[in-house]
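Got your viewer open? Let's take a walk through this one, stop by stop, with something to select each time.

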Amino acid sequence: MPNEKNIIEYALHAYDTFWEYYKKTLDERNHILNNYLIFVGIPISIIGFFIENIKNIFNNYRYLIFLLLSIISVLGIIIYSTYVIESLVSQRYLNKISYITQYLIANFDTKYNSVFKETYDLGNLFLDNENSKRQRVNKSFIIIVVNTISIITLSLLLFNALKWYHLLLSIAISVIIHFIIYFYYSQRI
């Protein structure tokens, strides 16, 4: 049977390991958002900003622009998918960190003058599970909005005019795609 010191050292080592992985997933999510803005958001914004000025070029190269926007849209959906995966994985690390903290608090805190509760408890540092989910959705909202704009633009190019039902269909398709991705990964991760 391992002694108390070994148990605490092992638990703190696991805590540090999970904490390092959590920081890496946080860094990855920030990179994903930055890459998204560079590879999807900027091209979509540039096209939208100059659309009136390049209308003739736009009409002459409609199918090439449609292909380019299709690639950008697919890239946006892939980046959203990656962001969802990273968010769900990071939540797993936080759950492990919380479990270790609760174990140390329950088994050793009274003996060590509440050092584990005061030092390692994450309750005051992070949002609760419900608010954490809401915050992840808020952060991914920019991706969802730009992807939706991209799908609406594709609809405009495809039908050569944007009617109200094209707009609603494009928004519905975007919402369904993003919901399916989130639901799929939340069930499997």
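Which backbone oxygen does the side chain of His178 reach? Select His178 and Ser174 together to find out: the side chain of His178 reaches the backbone oxygen of Ser174 at 2.6 Å.

Before moving on, some ground rules. What you see is a predicted model, where local features need pLDDT of at least 70, side-chain atom pairs count only at pLDDT 80 or more, and totals for chains, interfaces and linings use all residues. Residues are numbered from 1 along each chain as its sequence is written, and side-chain values use heavy atoms, with hydrogens and water left out.

**Stop 1: the whole chain**

Switch to a cartoon view. The protein chain has six helices and zero strands. These elements are DSSP runs numbered from the N terminus (helices are H or I with at least four residues, strands are E with at least two). Now show the surface: the accessible surface of the protein chain comes to about 12400 Å², and 63% of that belongs to carbon and sulfur atoms. Such areas come from the Shrake-Rupley method with a 1.4 Å probe, and for residues only the protein chains shown count as cover. Of the 189 residues in the protein chain, 34% are buried. Here, buried means under 20% relative accessible area, exposed means over 50%, and partly exposed is in between (1.4 Å probe, protein chains only).

**Stop 2: helix H6**

Go back to His178, which sits in helix H6. With a relative accessible area of 3%, His178 is buried. Leaving aside neighbours within four places in sequence, His178 is in contact (heavy atoms within 4.5 Å) with Tyr80, Ile144 and Asn147.

Now select the whole of H6, residues 164–188. At 1.5 Å a residue, its 25 residues should span 36 Å, and the end C-alpha atoms are 36 Å apart, which agrees. The expected span is 1.5 Å times one less than the number of residues. Colour the buried residues of H6: they are His166, Ser170, Ser174, His178 and Ile181.

**Stop 3: from Ser170 across to helix H5**

Keep Ser170 selected and add Ser155, which lies in helix H5. A polar contact of 3.4 Å joins the side chains of Ser155 and Ser170. A polar contact is a pair of N or O atoms within 3.5 Å; within protein, one must be able to donate a hydrogen and the other to accept it, and residues adjacent in sequence count only if both atoms are side-chain atoms. Ser155 counts as buried because its relative accessibility is 7%. Skipping neighbours within four places in sequence, Ser155 is in contact with Asn160, Leu162, His166 and Ser170.

Next, pick Ser150, also placed in H5. Is Ser150 buried or exposed? At 0% relative accessibility, Ser150 counts as buried. Not counting residues up to four places away in sequence, Ser150 touches Ile44, Leu69 and Ser73. Try a distance label too: Ser150 and Ser70 are 80 residues apart in sequence, but 8.2 Å apart in space, C-alpha to C-alpha.

**Stop 4: the nonpolar cores**

Leu69 is a good next pick. Beyond its neighbours within four places in sequence, Leu69 is in contact with Ile44, Ile47, Ser150, Thr153, Leu154 and Leu157.

Leu69 is also one of the residues with the most contacts inside the largest nonpolar core, which has 21 residues. A nonpolar core is a set of buried Ala, Val, Leu, Ile, Met, Phe, Trp, Tyr and Cys residues joined through side-chain atoms within 4.5 Å. Others in that best-connected group include Tyr36, Val40 and Ile143. Helices H1 (4–50), H3 (62–108) and H5 (129–159) each give two or more residues to this core. H3 gives the most, with nine residues. A second, separate core of 14 residues includes Tyr22, Tyr93, Ile105 and Tyr120.

**Stop 5: the aromatic rings**

Show rings as sticks. The whole structure has eight aromatic pairs. The rings of Trp19 and Tyr22 have centres 5.6 Å apart and planes at 25 degrees, so this pair is stacked. Rings of Phe, Tyr and Trp (its six-membered ring) pair if their centres lie within 6.5 Å; planes under 30 degrees apart count as stacked, over 60 as edge-to-face and the rest as tilted. Trp19 counts as partly exposed at 23% relative accessibility, whereas Tyr22 counts as buried at 8%. Last, select Tyr184 and Tyr185: this aromatic pair is edge-to-face, with 5.0 Å centre to centre and 80 degrees between the planes.
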